[in-house]
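Reader: I am new to reading structures. Please pick one part, look at it closely, and then show me what lies around it.

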Amino acid sequence: MASIIIKMLTFNVVAVFLFGVSLGKVIYDVDFDDDDGKWLSDDEFEGLLEKPNVPAQVEEVTYKIFLVGKSGVGKTSTIAKLSGNQIPTSHSETAGIQTTTIYWPGKIQQFNKVIMFKLQLWDAGEGALKKFDHIQPACLEKCDCTMYLFSFVDKSSFDDIPQNFGRFSGPKDTSCKIIMGTKFDQHAHTEITQRDIRDFEQNWKIPILKIRNIPDNDGKTDFNDVAQILNIICEHLWYRDVLLSNKTEEGKISYC
């Protein structure tokens, strides 16, 4: 069953990200009320909706993101963390395909334009991918981004990434690639060094995102971490579209 969530930032959170922006960053957070398009006040929160009611002038763009990784790396818990849903406490392999939709507002600095990003996250269990031939083609059909996940406590999941590049992408593939390292909080059990991460990024020219697959007690750190990750994902997707439309030169966006 698909779940849909919208998150909106308060002005305080926006200020944190605006002052923390790195040179070349093109997407930052925006806030607007889901009823009449007015800016949110500090005491308003994100809400669970079927679809946000946004001002007519706000363009909505839809992206399909397929999550790839061996069983147990944390694909389902990563989606739960990014969408604001409860993170499962025990591992249970996804049966078939599960989709989750996240609405995430951002502002493109270059054009001073607010965009509503509709991110459709597709998760398929490793067993289902191997058992049913139609699962992988369905997940890859019209896919805009393939997100490759590995666990910091499982070195083999990290070593599998180059092999998965060939398995889930072809020579004519135009989707962007994102690497996500899960269970980043389990420092005592990590099997992947910072040198491993640095070497991979240098060899493949793909930055590695990191996520902690546990909830924080206050929720604020959780939200800040999720907002930063969603901003980077949206920036990669936007940059990919810009390159495909030949509207800019490569290298103008720092994260890509």
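Author: Start with K205, which sits in the loop between α7 and β8 (208–210). This is a predicted model. Look at the backbone of K205 before its side chain. The phi of K205 is positive, near 60 degrees, and the residue is not a glycine. Is K205 buried or exposed? K205 has 67% relative accessibility, so it counts as exposed.

There is another lysine to set beside it. K183 lies in the loop between β7 (176–182) and α7 (194–204). K183 also has a positive phi, about 55 degrees, although it is not a glycine. A glycine joins the list too. G84 comes just after α2 and takes a positive phi of about 80 degrees.

Now step back. The protein has 8 helices and 8 strands. Its 256 residues include 47% that count as buried. Take the contacts with a separation of 6 or more: 73% of them link residues 24 or more positions apart. Keep that in mind as we move inward.

Next comes F150, in strand β6 (residues 145–151). F150 has 0% relative accessibility, so it counts as buried. Which residues does F150 contact, leaving aside neighbours within four places in sequence? They are V73, S157, F158, I161, I179, M180, G181, T182, I192, I197 and I208. Pick out G181 from that list. F150 and G181 are 31 residues apart in sequence, but their C-alpha atoms are 5.1 Å apart in space. Pick out I161 as well. I161 belongs to helix α6 (residues 161–168).

Stay with α6. I161, N164, F165 and F168 are buried there. Why do these four fall on the same side of α6? They cover an arc of only 115 degrees around the axis, which puts them on the same side. Q163 and G166 are on the other side of α6, and both are exposed.

F168 leads on to F66. F66 is in strand β3. Why does F66 count as buried? F66 has 0% relative accessibility, so it counts as buried. Not counting residues up to four places away in sequence, F66 touches W122, A124, L129, C139, L140, C143, C145, T146, M147 and F168. T146 is the one to follow over a long stretch of chain. F66 and T146 are 80 residues apart in sequence, yet 4.9 Å apart in space, C-alpha to C-alpha.

L129 and F168 turn up again beside Q136. Q136 lies in helix α4 (residues 135–140). Beyond its neighbours within four places in sequence, Q136 is in contact with L129, R167 and F168. The Q136 side chain also reaches the backbone oxygen of R167, at 3.3 Å.

Now look for empty space. Rolling a probe the size of a water molecule over the atoms shows where such space is left. How many cavities of 30 Å³ or more does the search of the whole structure find? It finds 1. The largest cavity holds about 40 Å³ of space. Its lining is L67, V68, G69, K75, A124, E126, L129 and F168. β3 (59–68) and α3 (126–131) each supply at least two of those residues. By type, the lining has 5 nonpolar, 1 polar and 2 charged residues.

K75 takes us from the cavity to α2. K75 lines the largest cavity, and K75 is also among the buried residues of α2. The others are S77, T78, I79, A80, K81, L82 and S83. With 8 of its 9 residues buried, α2 is largely enclosed by the rest of the structure.

Finish with the largest pocket. About 450 Å³ of space lies in it. The pocket is lined by 25 residues, and those closest to its centre are G74, S77, P88, S90 and H91. Helix α2 (residues 75–83) gives the largest share of the lining, 3 residues. The pocket lining divides into 5 nonpolar, 13 polar and 7 charged residues. S77 is worth a last look: it is buried in α2, and it is one of the residues closest to the pocket centre.

Note on methods. Residues numbered from 1 in each chain as written. Predicted model: local features only at pLDDT ≥ 70, side-chain atom pairs only at ≥ 80, totals over all residues. Heavy atoms only, no water. Helix = DSSP H or I, 4+ residues; strand = E, 2+ residues; numbered from the N terminus. Polar contact = N/O pair within 3.5 Å; in protein donor to acceptor, adjacent residues only side chain to side chain. Contact = heavy atoms within 4.5 Å. 1 Å grid on protein atoms, 1.4 Å probe; cavity = no way out; pocket = protein on both sides within 12 Å on 5 of 7 lines; lining within 4 Å. Points joined across faces, edges and corners; volume = space filled by probe spheres on them. Nonpolar A, V, L, I, M, F, W, Y, C, P; charged D, E, K, R; others polar. Buried < 20%, exposed > 50% of the residue type's maximum accessible area, 1.4 Å probe, protein only. Arc of directions from axis to C-beta.
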